[in-house]
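Visitor: Could you take me through this model, one question at a time?

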Amino acid sequence: MKNYTSVHDVADVAALVNEALEIKKAPFAHKELGAGKTLGLIFLNPSLRTRLSTQKAALNLGMNVMVMNLDKEGWALEIQEGVVMDGTTVEHIKEAAAVMGQYCDILGLRSFPKLQDKEEDYSEDILNKFIKYAGIPILSLESATRHPLQSLADLVTITEKAPAGKRPKVVLTWAPHVKALPQAVPNSFAEWMCKADVDFVITHPEGYELEGSFTDGATIEYDQDKALAEADFVYVKNWSSFQDYGKVLSDGKGWMMTPEKLKVTNDAKVMHCLPVRRGLELSNEILDSPSSIVIEEAGNRVYAAQAVLKQMLESL
Amino acid sequence: MKNYTSVHDVADVAALVNEALEIKKAPFAHKELGAGKTLGLIFLNPSLRTRLSTQKAALNLGMNVMVMNLDKEGWALEIQEGVVMDGTTVEHIKEAAAVMGQYCDILGLRSFPKLQDKEEDYSEDILNKFIKYAGIPILSLESATRHPLQSLADLVTITEKAPAGKRPKVVLTWAPHVKALPQAVPNSFAEWMCKADVDFVITHPEGYELEGSFTDGATIEYDQDKALAEADFVYVKNWSSFQDYGKVLSDGKGWMMTPEKLKVTNDAKVMHCLPVRRGLELSNEILDSPSSIVIEEAGNRVYAAQAVLKQMLESL
Amino acid sequence: MKNYTSVHDVADVAALVNEALEIKKAPFAHKELGAGKTLGLIFLNPSLRTRLSTQKAALNLGMNVMVMNLDKEGWALEIQEGVVMDGTTVEHIKEAAAVMGQYCDILGLRSFPKLQDKEEDYSEDILNKFIKYAGIPILSLESATRHPLQSLADLVTITEKAPAGKRPKVVLTWAPHVKALPQAVPNSFAEWMCKADVDFVITHPEGYELEGSFTDGATIEYDQDKALAEADFVYVKNWSSFQDYGKVLSDGKGWMMTPEKLKVTNDAKVMHCLPVRRGLELSNEILDSPSSIVIEEAGNRVYAAQAVLKQMLESL
């Protein structure tokens, strides 16, 4: 694997999931593979799980890790071509990416969308320019439209916890939030579920339809109760509107996941990428109950990242 | 040792001090002990000595270290139970602690008091919730009411520098400051001195009495000159009022430590946890003289942290 | 080599350049040299290249690295002697430097000039106080008046790329900028070029003369076109006025480096320390053409830093 920015970079999804599960059993089995190799982690936005789990994964593989909060420890990047840089941007992405490519063997990049211009965000301009100019493999730590390390960890978790002898039903359900959030996690989760051996349903209020290419193969069901029926996994997540781009359309009252709603499921396990707003997206009762597997899901971020880094190191 | 948050977590104080002194002679003697183990250092507040010395201690033990400025690189944590998170806090401490517990073997936490609500601060709510939810051992990097790594380094320093053949007299003396500072360092220092083989006196203006449980066994002397008589060690530190909680009661004129005041001591060594306000808490003359041992004291932070981490690693 | 703050710390410049070029061929040849040694990197100002390349260099030598953004993760330092610290500075440089000296074997420091008081900046007060009080070797990561790791990388790059069988002509040419920038990079570059086996010319508008001690041996030519004639290397850089200290004297129109201007050169390679303002200091056309060697120049920062750290480690 050269770059890792979406499920489309993965030759064999099931094999990658299995690799992560093998690594979970023996995290130090490949601790010589990364010797002398450097992973740079570039954050243009805050991070907790991705920051720590990816660092941990790289250390488990024997890599050196250099972390850079480019926005806080560095300066603002210019993205546009052919511009006269007489404003507030200090360095062009062309130079910044190429220079970091000189110092690292693999470069991880986190860059959120601005949620102001759909075309700009969905062009994945920053991620693509890093790929173009860094000259080394790029690992997405969440981009404008996808969060593929999260999605792999999600699929690893579903594979681990799936009821034996049946194709699991997985429901992605929209949840209320006070802020306008990116579509990256649900886009990416949908894209992976559509490639996985699961029965996949998405439910959300009208107006929150995701961009169609991510949900090809999924069932869209606007009635949350119907969607949840017999679910084995319920993935709770807020996102802002794609059509009315970046907007919060209503307060979403009634969409918070509660124990009451779970009754129609097949004793479903509840997932969330975290951070989660308790009492708003997901009830305190669920998060404090055995139905919630959000912590194990977060724990699997290490093994997902390690499987990806292993394949990237093997391709260097 | 499982958690390290106060002297009460230490089975044998003298043995821990000796362990630190042994480590100082051979810092790399246990460099395989931490192989494959990860120390997470979580800062909710700024740090220099604690940050660097704890990192160094862990590296000396062969551990991997991941540092996270949660306030700056992450987001605000919610502490309250059962709340609807529709405000500015982004993640609940329950999830944050549990997730960091997935990525680390030991978690260090720095969390200052707000100095607004005595009960809230003295409940050590944040520290205790990390202990409750992280699922892994917690190392205090200074909490609302204590700074146990500092106190151990202080006792190591006193043990090293004590005059031969006598029980040393140690005086903790309040000093002026322009800001309202926590009681964590003096609380903790008092608690440790009361467990150590020293003659321990605390002096401060009226109104600055520390919470009684920390000073049980100490002599309180409001007359600074009387307190200093024949002292072998003078520990200078400002703190805000406990009774009139978090307040600066007066400008403290006359309480700054000076060479003049040291004359009644037994050629006392002067200590301070640093950072120190020169010319306000402690005179420039003392800090620039051989009486001051503040730098060696800071240097001992490494060996104190290493002794603690060694015992924590041995209990994993 | 004890400290590394300028070319004057280097016993044999050509030998150091050769050492860097040898290290470039085999970066891990000395990976045991730094075992058990700690490099502290202290940033009082932002950094990308210096931060990552110096970290990488130290890791290649097997050192541990601790990075500290003192301004953001710590607090403001007091620099003045004998002051009463009742204001906003939290710790005196005397203690801060000495304490960091306790935790590290070599200390790197980045500290920019304020560009308000020429004498203050050119006294290199902060750097010199770190040297005086840290008690361990100091590595400049760019100080008020010099950037010696950059200059060494520049000379390494020129040595690598110089046309065979001729003494290369190197031209340092001033470029426009919207901000007032330090003289550190041009001072340092000039100082190194004057020690190197090159024909060295500096060109800039009147009023931008550098302090004479840095340019002793250089030809100053106010006519940019004349200066560029037959140049083998063109080093583009903005700086603020030294005479009218820290001021931007004009918009510098006409001084931006363009392909048109390069026509009189000997097919010159174009260099810049980065970050570069495209379309203002240097044209997009040049930066996107093979004439530009700015990325390789930045890449050489690793080997320059590694050669310096190697010599510093050998002197410990």
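**Contacts between chains, and a core**

Guide: A good starting point is a single pair in this predicted model: the side chains of A:Arg49 and B:Glu91 meet in a salt bridge, with 2.8 Å from N to O.

Visitor: How many salt bridges are there between chain B and chain A?

Guide: A side-chain nitrogen of Lys or Arg has to lie within 4 Å of a carboxyl oxygen of Asp or Glu, and the pair A:Arg49 and B:Glu91, at 2.8 Å, is a salt bridge. Between chain B and chain A the count of salt bridges is four.

Visitor: Which element gives the most to the side of chain B that touches chain A?

Guide: On that side of chain B, β2 (64–69), α3 (70–73), β4 (91–92) and α4 (93–103) each supply at least two residues. The greatest contribution, seven residues, comes from α4(B).

Visitor: What area do chain B and chain A bury between them?

Guide: The contact draws 29 residues from chain B and 29 residues from chain A. Of the area buried between the two chains, 61% is on carbon and sulfur atoms, and the value itself is about 2,700 Å².

Visitor: Which helix of chain C gives the most to the largest nonpolar core?

Guide: This core has 102 residues, of which C:Tyr4, C:Leu139 and C:Phe200 touch the most other members. Leaving aside residues up to four places away in sequence, C:Phe200 touches several residues, among them C:Val170, C:Leu172, C:Phe189 and C:Met193. The helix that gives the most to the core, with eleven residues, spans residues 294–314 of chain C and is α12.

How values were computed: Residues are numbered from 1 along each chain as its sequence is written. Chains are lettered from A and ligands numbered from 1 in the order in which they are written. This is a predicted model: local features need pLDDT of at least 70, side-chain atom pairs count only at pLDDT 80 or more; totals for chains, interfaces and linings use all residues. Side-chain values use heavy atoms; hydrogens and water are left out. Contact means heavy atoms within 4.5 Å. Buried area is the accessible area (1.4 Å probe) that two parts lose on being put together, summed over both. Helices (H or I, at least four residues) and strands (E, at least two) are DSSP runs, numbered from the N terminus. A nonpolar core is a set of buried Ala, Val, Leu, Ile, Met, Phe, Trp, Tyr and Cys residues joined through side-chain atoms within 4.5 Å. Buried means under 20% relative accessible area, exposed over 50%, partly exposed in between (1.4 Å probe, protein chains only).
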